[in-house]
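Student: I'd like to take a close look at one part of this protein with you. Could you walk me through it step by step?

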Amino acid sequence: MSSLTIDLCAPRIPPKTFQPAQRIHRSLTAQAEKTALIWLAQRTPRWINSDHLTGLGILAQLLAGASYALAPWNRYALLLVIFFLALNWLGDSLDGTLARVRNQQRPRYGFYVDHMVDSFGALFLMGGLALSGYMHPALAIALLIAFLLLSIQSYLATYTMSEFHLSFWRFGPTELRILLAIGNVALLRSPIVHLLGHGPYRLFDVAGAIGLAGMAAMLVWVTATNTARLYREEKIS
């Protein structure tokens, strides 16, 4: 009995065969973002570590969602969303760069925690949008599902092909934050639009429908491309 207890309590030894996947980032802002993040990482106080930044990122995403939920009572909460999106970018993007600059990488821990945080962050943000009155709740839920499906695809590709793509079709998380921030400014001017003589429509319903169509097309294309590649690489003779 005692030996069994000792075995169960023994520390796990990380597998020596683990190899981090190749990071592929080809978004519109990738190069400028990389330069800025390295500059920030080199000047970050030593008492701040990657875990602090990860915590900042998820807290900011939660507060961005809460700000959307507050927008029906005060539309200037949309400006708070932009502020919290900027904080989320700082925490979510700088944590990994800081670890690499300081040579303190924890590839398995970092990958797992960072992307679970991203999933919860998307839930907070889309939940806030669903409560905001600026987007139909069903559309916000559909966008969340599309995001999670793209994430699943990305993680499976990372496992099967050792390539972790941080962007699709030149769009990554930073571009999406920028578009969302621009949309918030547009909401302050007018949350309603008319298209080709039809309407009125909610601005974010139109933008969300376009975004959903783009994400669905992206998901189908990338899944088909990766499936074909894996089939060729593991073709049965």
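Student: Let's zoom in on N226: is N226 buried or exposed, and what is its relative accessible area?

Tutor: Happy to take this one, and please keep in mind that the model is a predicted one. N226 has a relative accessible area of 15%, and because buried means under 20%, N226 counts as buried. This residue belongs to helix 8. Setting aside neighbours within four places in sequence, N226 is in contact with Q153, A157 and M161.

Helix 8 also holds V220, and there the picture changes. V220 has a relative accessible area of 58%, and since exposed means over 50%, V220 counts as exposed. The C-alpha atom of V220 lies 9.6 Å from that of L150, although 70 residues separate the two along the chain.

Next, the second largest pocket. Helix 8 (203-233), helix 6 (137-161) and strand 2 (163-165) are the elements that each give two or more residues to its lining. The largest share, five residues, comes from helix 8. In total, 17 residues line this pocket, and R26, H165, S167, F168 and V222 lie nearest its centre. By residue type, the lining divides into seven nonpolar, six polar and four charged. The space in this pocket comes to about 310 Å³.

The loop between helix 6 and strand 2 deserves a stop, as S162 lies there. Its phi is near 60°, a positive value in a residue other than glycine. For background, most residues other than glycine have a negative phi. S162 has a relative accessible area of 41%, so it is partly exposed. A second case is N103, in the loop between helix 4 and helix 5. Phi of N103 is near 55°, again a positive value in a residue other than glycine. N103 counts as exposed, at 63% relative accessibility.

That loop leads us to helix 5, which covers residues 107-132. Its 26 residues reach 37 Å from the first C-alpha to the last, close to the 38 Å expected at 1.5 Å a residue. Among the buried residues of helix 5 are D114, H115, V117, L125, M126 and L129. The buried residues of this helix pack against helix 3 (50-70), helix 4 (77-101), helix 6, strand 2, helix 7 (173-189) and helix 8, so helix 8, the home of N226, is one of the partners. Just after helix 5, G133 takes a positive phi of about 85°.

Finally, let's step back to the whole protein. It has eight helices and four strands, which follow one another along the sequence as α-β-α-α-α-α-α-β-α-β-β-α. Buried residues, N226 being one of them, make up 35% of the 237 residues. Among contacts between residues at least 6 apart in sequence, 77% join residues at least 24 apart. The protein exposes about 15000 Å², with carbon and sulfur atoms supplying 69% of that area. Along the principal axes, its C-alpha atoms fill a box of roughly 70 × 55 × 45 Å.

Terms used. Residues numbered from 1 in each chain as written. Predicted model: local features only at pLDDT ≥ 70, side-chain atom pairs only at ≥ 80, totals over all residues. Heavy atoms only, no water. 1 Å grid on protein atoms, 1.4 Å probe; cavity = no way out; pocket = protein on both sides within 12 Å on 5 of 7 lines; lining within 4 Å. Points joined across faces, edges and corners; volume = space filled by probe spheres on them. Nonpolar A, V, L, I, M, F, W, Y, C, P; charged D, E, K, R; others polar. Expected span 1.5 Å × (residues − 1). Buried < 20%, exposed > 50% of the residue type's maximum accessible area, 1.4 Å probe, protein only. Contact = heavy atoms within 4.5 Å. Areas by Shrake-Rupley, 256 points an atom, 1.4 Å probe, with all protein chains shown as cover.
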